[in-house]
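Please load the model in a viewer and keep the selection panel at hand. The stops below are meant to be followed in order.

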Amino acid sequence: MLIADDMGYSDVGAFGGEISTPNIDALARGGMKFTNFHAGAACSPSRSMMLTGIDNHLVGLGTMAEDLSERQKGNPGYEGHLNDRVVTLPTVLKDAGYNTYMVGKWHLGHDEGHLPSDKGFTQSFALIQGAATHFSQMGYSPGSPIATYKSNGKDAQLPANFYSTDFYTNKLIEFINQNRKDNKPFFIYGAFTSPHDPLQAPPQYIRKYMGKYDIGWDRIREQRFQRLKQLGIIPNNLQLPPRQPGVPAWDSLTPEKKRYNAKLMAIYAGMVDNLDTNIGRLIAHLKSIGEYDNTIFIFMSDNGAAAHDFSAGHKEFEDWFKKEGINNSYENIGTKNSFVAYGEGWADVSATPFFGFKGRVYEGGIRVPVIVYYPKAIKAGTKTAAFASVMDFMPTFLDYAGVKHPGTSYQGRPILPMNGRSMRPLLEGKAARIYGENDAIGFELFGDGNRALFMGDWKVLRVNKPRGDNQWKLFNIAQDPREVVDLGKQYPDKLNKMISLYEQYEKDKGVVYFDDDPDKVFDRGL
């Protein structure tokens with residue numbers, strides 16, 4: 001299971017991108033692309049569902065641990081870590097005789113008892129927080145200036161030549177090699193931290209893309225939109241929508257800003273390219289030991305593109321950068337002592353063709369690229385527009401492993417059954433979908449009016465100000481994946497029925513609002 005962090009829908013070649021991703025694209029050519037796959041709106045809630053098959057509000061990540069309000073703290077499902085009401089995928093697989101390996105971002109619990117080594121991984125090297133720099137142990141924010149790494153549950157220091165994606169891949173290969181003699185099957189959770197900001201990449205990867213983005217985000221987005229049509233991922237009759245709010249026309253920028261922004265995207269592209277190279281290294285190793293043909297590969301992003309911007313208006317970051325000697329000059333960005341993100345302009349490109357970004361339940365925040373490769377069962381070069389979500393991974397893996405979920409009890413404690421469904425019938429062409437027209441699947445995050453529910457080709461959505469307008473809307477996302485045409489007035493009965501189903505979803509999952517006023521305007525900046 002190979003995960004990109006904060007990568008947009010259309011960044012890899014198989015989903016319309018211009019970035020060189022030959023290894024990921026080869027998995028897509030030989031397997032199945034999911035064009036209507038949904039994750040959580042942000043990192044840890046999404047990962048909590050991946051590893052349990054259960055809604056994030058039930059497993060402990062009703063919101064991100066960093067964002068718990070006083071009103072939410074202490075409520076079931078808002079522990080800020082994977083709680084005891086669930087059993088994880090690696091735990092069940094380990095019990096069934098698997099070696100279970102994890103590298104990269106954990107973000108599902110900081111304390112003893114809640115680390116990867118406590119949740120079923122036989123070998124792990126993990127970044128415990130939600131993000132960090134890529135060349136050193138410097139953390140992600142003034143509040144968390146040093147990143148915490150754990151090797152099998154014990155504090156770990158990084159080597160001098162550390163680069164996140166390269167090092168994590170080395171560790172995976174090391175883990176596989178260590179246990180080859182025991183002849184056990186293995187599960188890999190490659191939770192890579194690339195291309196999550198700060199944007200940093202080995203210099204040769206940045207050089208490769210210098211000049212490529214000088215034409216700007218408007219042209220690149222248009223090119224991706226057309227390739228998505230050519231690939232049959234979006235309907236041919238769709239028109240290129242306007243830029244997202246807050247994104248200026250590229251031609252309105254000064255030459256200096258154009259130059260700087262073009263390099264930001266070159267660094268980001270270099271990070272994605274490097275991730276693909278490392279996936280290629282892992283594939284080559286599996287081929288060399290004779291395990292490639294007997295391995296199911298999943299590639300995905302954990303949520304939509306992130307529109308962060310550290311360039312201005314963040315005094316605490318500016319003070320921290322000064323203290324740490326951060327140099328964000330044009331010449332230095334992308335290096336060890338720089339700290340930049342690519343902002344809304346390029347995030348809009350990464351999110352093509354959708355509206356919205358990470359942190360919100362618009363399609364741009366939660367629809368992610370997914371590729372599943374397994375030649376023994378999946379026909380090469382296929383794609384599906386059937387709805388599926390991160391909660392469906394665990395049931396799928398257990399299905400292929402021939403392992404049963406413990407159900408409602410594990411080692412004497414009560415646990416929750418999975419919400420997700422096995423995708424195996426879909427993957428093997430034995431079913432056109434795993435969810436029917438009347439199956440309702442809800443998504444919510446933060447408790448600040450960030451709500452959605454899917455049913456067949458339909459979606460209802462309500463996002464509070466300033467990222468939305470506090471109004472329920474109805475979309476046919478098969479015909480209108482960009483969420484442009486609100487059909488609520490045309491189909492009021494469907495709108496009201498789906499709102500009612502969403503309200504039931506909140507009750508069933510124990511959603512707790514951030515504030516006493518559920519419609520309070522609150523902007524996390526995500």
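Begin by selecting the charged side chains of this predicted model. There are 60 positive and 60 negative charges, and the mean positions of the two sets lie 4 Å apart.

**The whole chain**

Next, display the C-alpha trace and align the view with the principal axes; the C-alpha atoms occupy a box of roughly 65 × 60 × 50 Å. The radius of gyration is 22 Å, which agrees with the value near 24 Å for a compact globule of 526 residues. Switching to a cartoon shows 14 helices and 19 strands. If contacts between residues at least 6 apart in sequence are drawn, 72% of them link residues at least 24 apart.

Now turn on the surface. The protein exposes about 19900 Å², of which carbon and sulfur atoms supply 49%. Beneath that surface, 61% of the 526 residues count as buried.

**Two nonpolar cores**

In soluble globular proteins, nonpolar side chains tend to be buried together. Select Y149, Y168, Y213, F299, Y342 and W346: these have the most contacts inside the largest nonpolar core, which has 76 residues. Helix α8, residues 255–288, gives the most to this core, contributing 14 residues. Another core, of 72 residues, lies apart from it; to find it, select A39, L82, L108 and I434, which are among its members.

Return to F299 and show its surroundings. Leaving aside residues up to four places away in sequence, F299 touches L2, A4, M7, V12, I24, L275, I279, P369, V370 and I371.

One of those contacts, I24, leads to the next selection, helix α1, which spans residues 22–30. Within α1, the buried residues are I24, D25, L27, A28 and G30. What lies over them? The cover includes β2 (32–38), α8, β10 (297–301) and β11 (367–373).

**A lysine in helix α8**

Select K263, which is located in helix α8. Is K263 buried or exposed? Its relative accessibility is 8%, so K263 counts as buried, the cut-off being under 20%. Beyond residues up to four places away in sequence, K263 touches I206, M210, Y330, E331, N332 and I333. For a sense of scale, add G381 to the selection: K263 and G381 are separated by 118 residues in sequence and by 34 Å between C-alpha atoms.

**Backbone exceptions**

Most residues other than glycine have a negative phi, and most peptide bonds are trans. The remaining stops visit exceptions to both tendencies.

- Select D197 and P198, which are joined by a cis peptide bond with omega of about 10 degrees. P198 sits in the loop between β9 (186–191) and α6 (203–209).
- Select K465 and P466. The peptide bond from K465 to P466 is also cis, with omega near 5 degrees, and P466 belongs to the loop between β18 (458–463) and β19 (473–476).
- Select H107, a residue other than glycine whose phi is positive, near 65 degrees. H107 is in the loop between β3 (99–105) and β4 (123–127), and it is buried, with a relative accessible area of 4%.
- Finally, select E483 in the loop between β19 and α14 (492–509). Although not a glycine, E483 has a positive phi of about 60 degrees. At 9% relative accessibility, E483 counts as buried.

Terms used
Residues are numbered from 1 along each chain as its sequence is written. This is a predicted model: local features need pLDDT of at least 70, side-chain atom pairs count only at pLDDT 80 or more; totals for chains, interfaces and linings use all residues. Side-chain values use heavy atoms; hydrogens and water are left out. A nonpolar core is a set of buried Ala, Val, Leu, Ile, Met, Phe, Trp, Tyr and Cys residues joined through side-chain atoms within 4.5 Å. Buried means under 20% relative accessible area, exposed over 50%, partly exposed in between (1.4 Å probe, protein chains only). Helices (H or I, at least four residues) and strands (E, at least two) are DSSP runs, numbered from the N terminus. Contact means heavy atoms within 4.5 Å. The radius of gyration is taken over C-alpha atoms; the globule rule is 2.2 Å times the number of residues to the power 0.38. Accessible areas come from the Shrake-Rupley method with a 1.4 Å probe; for residues, only the protein chains shown count as cover. Lys and Arg count as positive and Asp and Glu as negative; His and the chain ends are not counted. The place of a charge is taken as NZ of Lys, CZ of Arg, CG of Asp or CD of Glu.
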